[in-house]
Every structure is written in structure tokens, then in C-alpha cells.
Amino acid sequence: MRDPADKVVGLDTLLVVRAAWRAGGKAVVWTNGCFDLLHAGHARSLRAAAALGDALVVGVNSDESVRRLKGPTRPVVPEGERAELVAELGCVDRVVVFGEDTPERVLSLLRPDVHCKGADYAPPSGKPIPERALVEGYGGKVEFLPLEPGLSTSSLIERIRMPEGAVFFMHSGTRPAVLLDRDGTLIEDQGYPRDPGRVRLLPGVAEALRSFKAAGLPLAVVSNQSGLGRGLVSPEGARAVHARLEELLAAEGVRLDGAYYCPHAPQEGCACRKPSPALLLRACADLGAAPALSFMVGDKPSDAEGGKRAGCSSVLLGTPPGEPSEADFVAASWEQALAWIIVRAATPR
Ligand SMILES: [Mg+2]
């Protein structure tokens, strides 16, 4: 059997192979895509493409072009590995990585007999195909491959990102933990914090966190940092602020056991922004904590709601008068919050 690594070729080699196929009367089929997180939809459409001729060549978009086409968080898998996995499929004869947004340049050199596109490009209502004139100009055909509903890399990524309801499989621990909002709860709320020099612990925080640790309760920060998604805070700024928080706590003898930041702006519709319970559940799983035995402390109703939705007891610090919340306890100070939590954490439930 051919080593899949041999199937991944540069354009020069591909053109030599193509000439041999032409001489042998083989019909060459081309299709291209990102193939980020290979799934069954890819396998099925490549099988359908292979059936349209004698040899299938797959163009895999380079990392740079995937970023341009799909955004800065893609690809998940680098081009060399994406090409290797596509080459592993039995119906694929050659794989080439190409760097342009459309395959026109490669097509003009390769001149495949059939150029395959997804059914979403099929006329009359499909998306435009800039390379269509080129292919038909040299006598090639454009064919359309059926789409597999529900099978896409984007939908896989969404499932991995733990939308609510998909977290039930997480192992539940057996001990309580204390989950902490950060801004307005542990440190002074300064809007989108990016300056480590302005990080100040709020009154009572150091004593409360020391007492939690002394009682054997692990601590994790769970915080929305939409300044990142809004472009108002750089990743370096966010890291520096977090590092300063750890430094200030270390000086008080407190070590956090974890920190979970949602970096998205609200309009991104992510699955992790509080009041979503996703990061709270994730923190509990990582800490071996049971949500039902754990506590969420925050200064906003969304903290209390997130705590409630995760199944934790929630404590709201200094709630504005009249603002409704899901909190189990409203504390006027950290001292009150500490006393309430310590008693309940020690009580078998
Ligand atoms: Mg807050």
C-alpha cells in the first residue's frame, strides 16, 4: 500500500504525475477545502468526487489562507497534518497544499477534467464560482457534491466548546470548591482591566480566601473578560492583570487552583460567558469538586445566575438595592460571605 506521506506532493511533482495520468487516459478529478478536523462529511464528499473520474487530487488550503477564509481561530489543525489525514483516505490519489483563497492558479496549471464544488455552489441559487470560466474554458466540467447536513468542522468545534446541555458527561467530584468572579469581587472593578499597575484587592478578600484554603476549599476564578473579544484588552494585558492578581494573593499566602476566563464579546454568542454555567462546571470538574456542594461568589446578578445554573450555591456581594438575583445569599461584605460559606461547606449535604 502506498505510504500516505507519498501522496502529499508539491505542485511541481503533481504536474509530472498529472502528465503521466493524461498519457494513460485517466480522467482527473479535483476538489479543494480546508479539511480542518476531518469528519465523515469530508470522507463522503471525497468518495463522491473520486467516483467522477479515475484519479482524485485534493487541494488543502494553507494555514494562512484558512485564517483569511475562516477567521483567526482557524485552522485548529496545521496544514501538514490536515494534508496527511486527507492523504490517508483510500479514495484520494494526491494531496497538494495551496496558499491562495481560490484554486484558480493551481487549476490553470493542473487542468483537471472535473472540478468539484459543494452543492451550496450549484446554480441557480448557489454561491459564485470564480474559477468556473477557467475550467469550462479548457473543456473541463464543474460538478457538485452533495452536502452532508449537520456534518461540519464548525459544528464539531461548537460541540467541543461545550454548549449547555453537552456537559453532563463531565465527571462530578465529591468535594466543595469556591468559584470566584474577579472584577468587583476580588479586585476593584476598572472596566476592561488591562493595566496590572491598577490591580487592587478589595477589602476582606485576602482574609476570606486564606480561610477557604485553611478549610480545604479549592479556589478558582471564573470571569467574563469581554474586553478581549471587544479588542479593548490585549491577550498580553489580560495575562499581566491575572499575573498581578496571583502575585498580590501570593503575598497574602493564597494560591488559586485555577482561573477560567471567557474571552468573548456578548455578540459572539459563545457558550462560556456567564451566566452560562459552562466554565463553572469545567472548573468543578478540573478541581474534583461537586457543583452541588460548591459556591459561586460574585458581584453581579449574572454571577448568581451562573452559579444557580451550574447547581452551586451562589453568594452575591453588595447587590444594588432592588436588583433581583438568583443568589442564595446576599452579603454586605466579604466577612459575611465567608461566614455563610464556611458553615455550609462544613455541613454534610
Ligand atoms: Mg464582577
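**Reading strands, a metal site and loops**

Modeller: In this predicted model, strand E2 and strand E3 (residues 94–98) run parallel and are joined by 5 bridges. Within this pairing, Val-58 stands opposite Val-95 in E3.

Biologist: Which strand pairs with E2 over 6 bridges, and in which sense?

Modeller: That partner is strand E1 (residues 28–33), and the pairing with E2 is again parallel, over 6 bridges. To place one position in this pairing, you can take Val-28, whose bridge partner in E2 is Ala-55.

Biologist: What kind of unit do E1, helix H3 and E2 make?

Modeller: Together with helix H3 (residues 40–50), the strands E1 and E2 make a β-α-β unit, and the unit is right-handed.

Biologist: How many residues of E2 are buried?

Modeller: A residue counts as buried when its relative accessible area is under 20%. In E2, 7 of the 7 residues meet that description, so the strand is largely enclosed by the rest of the structure. Both of its faces are covered, with Ala-55, Val-57, Gly-59 and Asn-61 buried on one side, and Leu-56, Val-58 and Val-60 buried on the other.

Biologist: Where is Ser-62 placed, and is Ser-62 buried or exposed?

Modeller: Ser-62 is in the loop between strand E2 (55–61) and helix H4 (63–70), and with a relative accessible area of 9% it is buried. If residues up to four places away in sequence are not counted, Ser-62 touches Glu-79, Arg-82, Val-97, Phe-98 and Gly-99.

Biologist: What should I know about reading a helix, and how many residues of helix H12 are buried?

Modeller: As a general idea, an α-helix has 3.6 residues a turn, so residues three or four places apart point the same way. In helix H12 (residues 278–287), 7 of the 10 residues are buried, so this helix is largely enclosed by the rest of the structure. The buried residues are Ala-278, Leu-279, Leu-280, Leu-281, Ala-283, Cys-284 and Leu-287, and what covers them includes E6, strand E7 (219–224), strand E8 (258–262), E9 and H13. After H12 comes Gly-288, which has a positive phi, near 70°.

Biologist: Which residues other than glycine have a positive phi, such as Phe-35 and Leu-37, and where do they lie?

Modeller: For Phe-35 the phi is near 50°, and for Leu-37 it is about 55°. Phe-35 lies in the loop between E1 and H3, where Leu-37 is found too. Phe-35 is buried, with a relative accessible area of 7%, whereas Leu-37 counts as partly exposed at 21% relative accessibility.

Biologist: Which peptide bonds are cis?

Modeller: Among them is the bond from Arg-74 to Pro-75, with omega near 0°, and Pro-75 is in the loop between H4 and helix H5 (79–87). Another cis peptide bond joins Lys-274 and Pro-275, where omega is about 15°, and Pro-275 is in the loop between E8 and H12.

Biologist: Which residues are the protein donors of the magnesium ion?

Modeller: The protein donors are Asp-181 (OD), Asp-183 (O) and Asp-299 (OD), which lie 2.1 to 2.2 Å from the ion. Along the chain the donors follow the spacing D-x1-D-x115-D. The pair Asp-181 and Asp-299 links distant parts of the chain, 118 residues apart. Asp-181 is in the loop between strand E6 (178–180) and helix H9 (205–214), and Asp-299 is in the loop between strand E9 (295–298) and helix H13 (301–310). Asp-181 is buried, with a relative accessible area of 6%, and Asp-299 is buried too, with 15%.

Biologist: Into which domains is the protein divided?

Modeller: The protein is divided into domain 1 (4–145) and domain 2 (162–345). Taken over C-alpha atoms, the centres of domain 1 and domain 2 are separated by 47 Å.

Biologist: Where does pLDDT stay under 50?

Modeller: In general, where pLDDT is low, the predicted coordinates should not be read in detail. Here pLDDT stays under 50 over residues 165–169, and for these residues the model has 2 contacts beyond four places in sequence. For the protein as a whole, the average pLDDT is 90, and 92% of the residues score at least 70.

Key:
Residues numbered from 1 in each chain as written. Predicted model: local features only at pLDDT ≥ 70, side-chain atom pairs only at ≥ 80, totals over all residues. Heavy atoms only, no water. pLDDT = per-residue confidence, 0-100. Contact = heavy atoms within 4.5 Å. Donors = N, O, S within 2.8 Å, 3.2 Å for Na, K, Ca; no water. Helix = DSSP H or I, 4+ residues; strand = E, 2+ residues; numbered from the N terminus. Buried < 20%, exposed > 50% of the residue type's maximum accessible area, 1.4 Å probe, protein only. Domains from an automatic or database assignment. Pairing = 2+ DSSP bridges. Right-handed = clockwise from strand over helix to strand, strands pointing away.
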